[in-house]
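Hello,

Here is the structure I promised to pass on. Have a look at it first, and then read on for what turned up.

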Amino acid sequence: MTDIEIANQVQLKPITQIAAKLGINPEEIELYGKYKAKLPLNLIEPQKMQGKHLILVSAISPTPAGEGKTTVSIGLTEGLNRIGKKTTVVLREPSLGPVFGIKGGATGGGYSQVLPMEDINLHFTGDFNAIEKAHNLLAALIDNNVQSKTSSLGLDPRTITWKRVMDMNDRSLRHIIVGLGGTSSGIPRETGFDITAASEIMAILCLAESFSDLKERLGNIFIGYTYDKKPVYARDLKANGAMAALLKEAIKPNLVQTIEGNPAIIHGGPFANIAQGTNSILATQMGLSLSDFVVTEAGFGFDLGAEKFFDIKCVKAGLNPSAVVLVATIRALKYHGGIKTDNLKEENLEALRKGMENLEKHVENMKKFNICPIVTLNKFVTDTEAEIQMVKEKCRELEVPVEVAEVWAKGGKGAEKLAILTAKVAEQCTCKLRPLYDWNWDIPQKIKTIATEIYGASAIDYTPQAKSDLKKIAALGLEHLPVCIAKTQKSLSDNPKLLGRPKDFIVTVRQIEIAAGAGFVIPITGEIMRMPGLPDKPAAENIDIESNGHITGLF
């Protein structure tokens, strides 16, 4: 059966029953129909977070074969609950762009899903819509100020970096000109659209720890310069109050359920190659306040999402994970070993051996943060016993515990052994997170540390633009911010064609963007797509709705 067919067979529990599992009075939640709810921020209690176990799920470098971080995260949560551990999975919200594009939804798969999958994959509780509106309000206020004759700040349109956003893949909007039509229609200038998940507002929402923190961060958004070279921020336009008002409900985490009726908190959805790639701090803190174990994930491979999870999110919020689970598949490892997608179902031990160099590097990276590591093999029906044993033997060589998971086909039952291992590792773990760098280091030192230690680069090269950006960051007094490096997810390097474990490569920093509201700077390496396009045959062509309101074609 398809994912949506499996989901439609499940008899959903009222969300009040799911809340009750977490000890929440039904009167405290804010209902969005029968099966979705917002959780008020007063349920977050720091004293209740003490002694709880935060488990991060990451992966090897992504491939077209798929790895299944979300599916494993949900299945592990089911497995932990099956062995008597009170556990909540905390995830990001899906973006409509991939849902209607090539990737599909982001609610897990098979018998390891969060529900109601149609609602979560589509409009959900409107968080993305609120973020989009807050972002575009600032864009409108910027252009209005440039046009104004009475309240103009003297913004130089050539320095404005703030684009508009929409939650859809639409390549035609990447580069546009606004302000055409005469003097009453604005000042013509070049700009464009990003997808909502790439908005700095999304990153801000996911790093804010309170409503007042959110409002302050919105005010810190850097817009550009005046004609006399003075920096302009959103607070100078008096924009942050209205923007925060639009996010009044969006800041609250969302409660839904898994296929097996366990709690799932879903909130925020920043990209992992242009932002931090993890759900909100508030959602994570909510889960830790309400359950004993929290399973969460970070986007793309360990080199992107997990590095940012540890060095930005955990440092900012004072989180100390108990374990990190690295997801690998035999198909993906063979792809890293040079096998084409069409041949991945065939046993090939030599390609698997070569591809495990990618796994080896990610395991090394896991250990750099002083967090207890685990590897899980997300099993496919085409995996052979010889291939499975080869991966297990490699993990023994690397001195990292490993367990096979069959969550797509079996749900929580297929993750019980992984759950037992994870609980044992987490409960015995006495490690304290060791960030890769100190935020007070200068920006080049931070970039070099990540690129050489995590990616395996031999050196860093800066373009003239990037060197100019470093001077701008220093002049604005922002050198103390962490770095959120934007690079391809397909390779440990900044070249998507270099699979496996590339060595002796140079990372080129093209430019460095400022996300002062989010609280980080973004070194750009390679070509980063912030407004994807649709494929030749979009997933939207398969999605339909029947006369009874039943949605079909989602996956």
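Is E132 buried or exposed? One thing to keep in mind as you look: this is a predicted model. E132 has a relative accessible area of 15%, and the cut-off for buried is under 20%, so E132 is buried. You will find E132 in helix α6, which covers residues 127-147. Leaving aside residues up to four places away in sequence, E132 touches V165, M166, D167 and T196. With T196 there is also a polar contact between the two side chains, at 3.4 Å.

The other place to visit is helix α18, residues 464-475. With twelve residues at 1.5 Å each, α18 should span 16 Å, and its end C-alpha atoms lie 17 Å apart, which agrees.

Which residues of α18 are buried? They are A466, D469, L470 and I473. These four cover an arc of only 105° around the axis, so they sit on the same side of α18. The spacing helps to explain this: an α-helix has 3.6 residues a turn, so residues three or four places apart point the same way.

The cover over the buried residues of α18 includes helix α17 (443-455), together with the strands β19 (459-462), β20 (506-515) and β21 (520-525). Turn to the face pointing away from that buried side, and you will meet the exposed residues P464, K471 and A475. After α18 comes G477, which has a positive phi, near 70°.

Enjoy exploring!

Best wishes

Conventions
Residues are numbered from 1 along each chain as its sequence is written. This is a predicted model: local features need pLDDT of at least 70, side-chain atom pairs count only at pLDDT 80 or more; totals for chains, interfaces and linings use all residues. Side-chain values use heavy atoms; hydrogens and water are left out. Helices (H or I, at least four residues) and strands (E, at least two) are DSSP runs, numbered from the N terminus. The expected span of a helix is 1.5 Å times one less than its number of residues. Buried means under 20% relative accessible area, exposed over 50%, partly exposed in between (1.4 Å probe, protein chains only). The arc is that of the directions from the helix axis to the C-beta atoms. Contact means heavy atoms within 4.5 Å. A polar contact is a pair of N or O atoms within 3.5 Å; within protein, one must be able to donate a hydrogen and the other to accept it, and residues adjacent in sequence count only if both atoms are side-chain atoms.
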